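Take a walk through this structure, one helix at a time and then outward. Keep the 3D view open as you read.

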Amino acid sequence: MSGLCSERVAIVTGAGRGLGRAHALALAAEGAKVVVNDLGVGLDGTGSGTGPAQLVVDEIVARGGQAVAHGGDIATTEGAASLIRAAVETYGRLDTLVNNAGFLRDRMLVNLGEDDWDAVMRVHLKGHFLPLKYAAAHWRAEAKAGRAPAARVVNTSSGAGLLGSVGQGNYSAAKAGIIGLTLVAAAEMGRYGVLVNAIAPAARTRMTEAAFAETMTAPDTGFDAMAPENVSPLVVWLGSAASAGVTGRVFEAEGGRITVMEGWRPGPTADKGARWSPAGAGEAVLKLLAEARVPEPVYGTQ
C-alpha cells in the first residue's frame, strides 16, 4: 500500500458491514487511524449491538492498523457529538469523515407508512447532517485557531437519489437530500479547509442483495464487479490530502467504473418576455421537450 492516508484520522459510519466495512479496512490499509461506527441494527434499522463494529476493529488491529469502535446512534445529537469526540480524544485529531450509515424500509408510495418514511429519513439524511455538523464545528474551530485542516468529507448517496427508484420513495428522497446537503456543505466549509464530496455507489450489501438479487450475485470466477471493496479506493482517495481542489462533486462508482455526475443543468429554454397563457405555456413546453434529452429511466422500470 502507498500510505496515502498515513497519520490521518478517519471516521466511517455504518462501518460494521458492507460498504462501510470495506471503506474502514481500506482507509486503515493506507495508514489511517479509524473510528468504526456501527449501531449494529438489522436491515430495517431495528435492534442494536456493538458487535459488528468491534469485529471490524479487530480485523484492522490484526492487520497491524489502529482503530476504535463507536456504537452510538449518529442520528442523535449526543451520538453524533460523541462520535467526533471519540476521534479527537482517542487520536488527537480528525481528518476525514465518511458518512455511510443507512438501512431500507421499501414500500410502494401508497403503502409507505409515515413511520417508515421518518425512520429512513432519520438514519440517512439526519445521520449525515449531524456528524457533518459536529465535524464541521471542530474543523472551523481548528481553522480559527490557526490550525487549518486538510479535512475531507465523503457522503453516500445512491443511484436512487439521482434517478429515483420504484418502491423506494423514502430512500430516494433521502439520498437526493444528501446530494443537496453535500453541495451546501462544500460551499460553506471550503474557507476552513474542508472539502466535501459524495459518492453514489453500486455494490453488494445487505440492502442491495435483497432488492437486486440477480445482479448482485457474486460470480464463480473472474472480476466480482459488485464487491463493495471496488468502491473503497475512490473513498480513500477522496478522504486523503491528495484530493486537494476536489469539492462539491458527486461520483458514481461501480466495479471498475468511476463517473463524474453532472447534475441538473439548464436545457432548452423559451422566454416570451411576457406572461404566458396556460395554452401557450403548454405549447412551449411540448416544443422544449422535443428538443430536450430523454431522461434516464427510473430504477425498477424498463
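Start with helix α2. Five of its residues, Pro 52, Ala 53, Val 56, Val 57 and Ile 60, are buried. Look down the helix axis: these buried residues fall within an arc of 140 degrees, so they line one face of α2. Turn to the other side of the helix, and Leu 55 and Ala 62 are exposed. Bear in mind that this is a predicted model.

What do the buried residues of α2 pack against? Their partners are α1, β2 and β3, the last of these spanning residues 66-70. The helix itself has twelve residues. From first C-alpha to last, α2 reaches 16 Å, close to the 16 Å expected at 1.5 Å a residue. After α2 comes Gly 64, with a positive phi near 95 degrees.

Now focus on Ile 60, one of the buried residues of α2. Set aside its neighbours within four places in sequence. Ile 60 then contacts Ala 24, Leu 25, Ala 28, Val 34 and Val 36, and also Gly 65, Gln 66 and Ala 67. In general terms, nonpolar side chains tend to be buried together in soluble globular proteins.

Step back to the core. The largest nonpolar core has 30 residues. Ile 60 is among those with the most contacts inside it, along with Ala 24, Leu 27, Val 34 and Val 36. Which elements give two or more residues to this core? They are β1 (9-12), α1 (18-29), β2 (33-37), α2 (51-62), α9 (232-238) and β7 (250-254). Helix α1 supplies the largest share, six residues. A second core, separate from this one, has 25 residues. Val 35, Ile 74, Tyr 91 and Leu 97 are included in that second core.

Leave the nonpolar side chains and turn to charge. Side chains of opposite charge can pair when their charged atoms come close. How many salt bridges does the structure hold? The count is 15.

Take the pair of Lys 33 and Glu 7. Their closest N and O atoms are 3.7 Å apart. Lys 33 lies in strand β2 and Glu 7 in the segment before β1, so this salt bridge ties together parts that are 26 residues apart in sequence. Is each partner buried or exposed? Lys 33 is buried, at 15% relative accessible area. Glu 7 is exposed, at 54%. The backbone at Glu 7 deserves a look too. Glu 7 has a positive phi of about 75 degrees, although it is not a glycine.

Next, find Arg 21 and Glu 229. Their side chains meet in a salt bridge, at 3.9 Å from N to O. Arg 21 sits in helix α1, and Glu 229 in the loop between α8 (213-216) and α9, so the pair ties together parts that are 208 residues apart in sequence. Arg 21 is partly exposed, with a relative accessible area of 24%. Glu 229 also counts as partly exposed, at 41%.

Compare Arg 107 and Asp 116. This salt bridge has its closest N and O atoms 4.0 Å apart. Arg 107 is partly exposed, at 39% relative accessible area. Asp 116 is buried, at 14%. Elsewhere, salt bridges that share partners join Arg 21, Glu 59, Arg 63 and Glu 229 into one network.

Go back to the loop between α8 and α9. Asp 224 has its place there. Asp 224 is buried, with a relative accessible area of 18%. Which side chain does Asp 224 meet in a polar contact? The partner is Arg 204, and the contact is 2.4 Å.

End with helix α10, residues 278-291, and find Leu 289 in it. Is Leu 289 buried or exposed? Leu 289 is exposed, with a relative accessible area of 56%. Now look across to Gly 180. The two residues are 109 apart along the chain, and 25 Å separates their C-alpha atoms.

Methods: Residues are numbered from 1 along each chain as its sequence is written. This is a predicted model: local features need pLDDT of at least 70, side-chain atom pairs count only at pLDDT 80 or more; totals for chains, interfaces and linings use all residues. Side-chain values use heavy atoms; hydrogens and water are left out. A nonpolar core is a set of buried Ala, Val, Leu, Ile, Met, Phe, Trp, Tyr and Cys residues joined through side-chain atoms within 4.5 Å. Buried means under 20% relative accessible area, exposed over 50%, partly exposed in between (1.4 Å probe, protein chains only). Helices (H or I, at least four residues) and strands (E, at least two) are DSSP runs, numbered from the N terminus. Contact means heavy atoms within 4.5 Å. The expected span of a helix is 1.5 Å times one less than its number of residues. The arc is that of the directions from the helix axis to the C-beta atoms. A polar contact is a pair of N or O atoms within 3.5 Å; within protein, one must be able to donate a hydrogen and the other to accept it, and residues adjacent in sequence count only if both atoms are side-chain atoms.
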